[in-house]
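Visitor: I should like a close look at a single part of this model, with its surroundings explained in a connected way. Please begin with the backbone and proceed from there to the side chains and cross-links.

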Amino acid sequence: ELNRCYYNTMADNPRDKKTVNDVVSGKCRDGREVCEDCREIDIGDISTAHFTLCQKPWSCLPHSQDMLQHRLCRRLHHEWFKVRADLEGKNGSGNYQPDQFFGFCNSSGGRGYIPIEQVGIR
């Protein structure tokens, strides 16, 4: 079985009660006695991510709250935009949190996203 923290991670709470001030409580959702909190995993160890809870990167959400889920979502989105910048060989011209979004957002929300230019595609 693949570890869900490294493959298809979702930034979800592994327990059935709220996380308050980064303190997790409740029983493990998977029925185990001990469960790993994937929101605390080093971003470099994650192979794939599922953006359901974080929302899609092209929503340009800042995830600026200092909470476990938001910190991981912010790091995941940053990596996504880093890959996009690498793919295009440059950063975009957007001015919304350019260090986070590599210049591919003009504002928060889907309307702020700057799509990839489709050069030479018919």
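Guide: In this predicted model, Gln97 has a relative accessibility of 26% and therefore counts as partly exposed. The value lies between the limits of 20%, under which a residue is buried, and 50%, over which a residue is exposed. Gln97 belongs to the loop between H1 and H2. Although Gln97 is not a glycine, its phi is positive, at about 40°. A second non-glycine residue with a positive phi is Asp22, where the angle is near 65°. Asp22 is located in the segment before H1. Its relative accessibility is 34%, so Asp22 is likewise classed as partly exposed.

The secondary structure that frames these positions consists of two helices, with zero strands. Helix H1 covers residues 68-88, and helix H2 covers residues 98-101. Along the principal axes, the C-alpha atoms of the protein occupy a box of roughly 55 × 30 × 25 Å. Of the 122 residues, 34% are buried. When contacts between residues at least 6 apart in sequence are considered, 52% of them connect residues at least 24 apart.

From the backbone, attention may turn to the cross-links. The structure contains four disulfides. With bonded cysteines counted along the chain, their pattern is 1-4, 2-3, 5-7, 6-8. Three of these links are described here in turn.

Cys28 is bonded to Cys35, with an S to S distance of 2.3 Å. The torsion about this S-S bond is about -85°, so the link between Cys28 and Cys35 is left-handed. Each of the two residues, Cys28 and Cys35, is buried.

Cys54 is bonded to Cys73, with the sulfur atoms 2.0 Å apart. This link is left-handed, with -80° about the S-S bond. Because Cys54 lies in the segment before helix H1 and Cys73 lies within helix H1, the pair ties together parts that are 19 residues apart in sequence. Cys54 and Cys73 are both buried.

Cys60 is bonded to Cys105 at an S to S distance of 2.1 Å. The torsion about the bond between Cys60 and Cys105 is about -80°, and the disulfide is therefore left-handed. Here Cys60 comes from the segment before H1 and Cys105 from the segment after helix H2, so this pair ties together parts that are 45 residues apart in sequence. Burial applies to both partners, Cys60 and Cys105.

The surroundings of the Cys54 and Cys73 link include a histidine that merits a closer view. His63 is placed in the segment before H1. Its relative accessibility is 9%, which means that His63 counts as buried. A polar atom of the His63 side chain lies 2.8 Å from the backbone oxygen of Cys54. Leaving aside residues up to four places away in sequence, His63 touches Cys54, His70, Cys73, Arg74 and His77. Both cysteines of the link between Cys54 and Cys73 are thus on the contact list of His63.

That list also leads into the helix by way of His70. His70 is found in helix H1, the helix that also holds Cys73. At 18% relative accessibility, His70 is under the 20% limit and so counts as buried. With residues up to four places away in sequence again excluded, His70 touches His63 and Gln65. The contact between His63 and His70 therefore connects the segment before H1, where His63 lies, with helix H1, where His70 lies; the link of Cys54 and Cys73 ties the segment before H1 to helix H1 as well.

A view of the surface completes the account. The accessible surface of the protein amounts to about 8,100 Å², and carbon and sulfur atoms contribute 49% of it. The protein carries 17 positive and 17 negative side chains, and the centres of these two sets are 6 Å apart.

To return to the starting point, Gln97 sits in the loop between H1 and H2 with a positive phi, and this residue is partly exposed. The cysteines Cys54 and Cys73, by contrast, are buried, and His63, which touches both of them, is buried too.

Note on methods:
Residues numbered from 1 in each chain as written. Predicted model: local features only at pLDDT ≥ 70, side-chain atom pairs only at ≥ 80, totals over all residues. Heavy atoms only, no water. Disulfide = S-S within 2.5 Å. Buried < 20%, exposed > 50% of the residue type's maximum accessible area, 1.4 Å probe, protein only. Helix = DSSP H or I, 4+ residues; strand = E, 2+ residues; numbered from the N terminus. Contact = heavy atoms within 4.5 Å. Areas by Shrake-Rupley, 256 points an atom, 1.4 Å probe, with all protein chains shown as cover. Lys, Arg positive; Asp, Glu negative; His and termini not counted. Charge placed at Lys NZ, Arg CZ, Asp CG, Glu CD. Polar contact = N/O pair within 3.5 Å; in protein donor to acceptor, adjacent residues only side chain to side chain.
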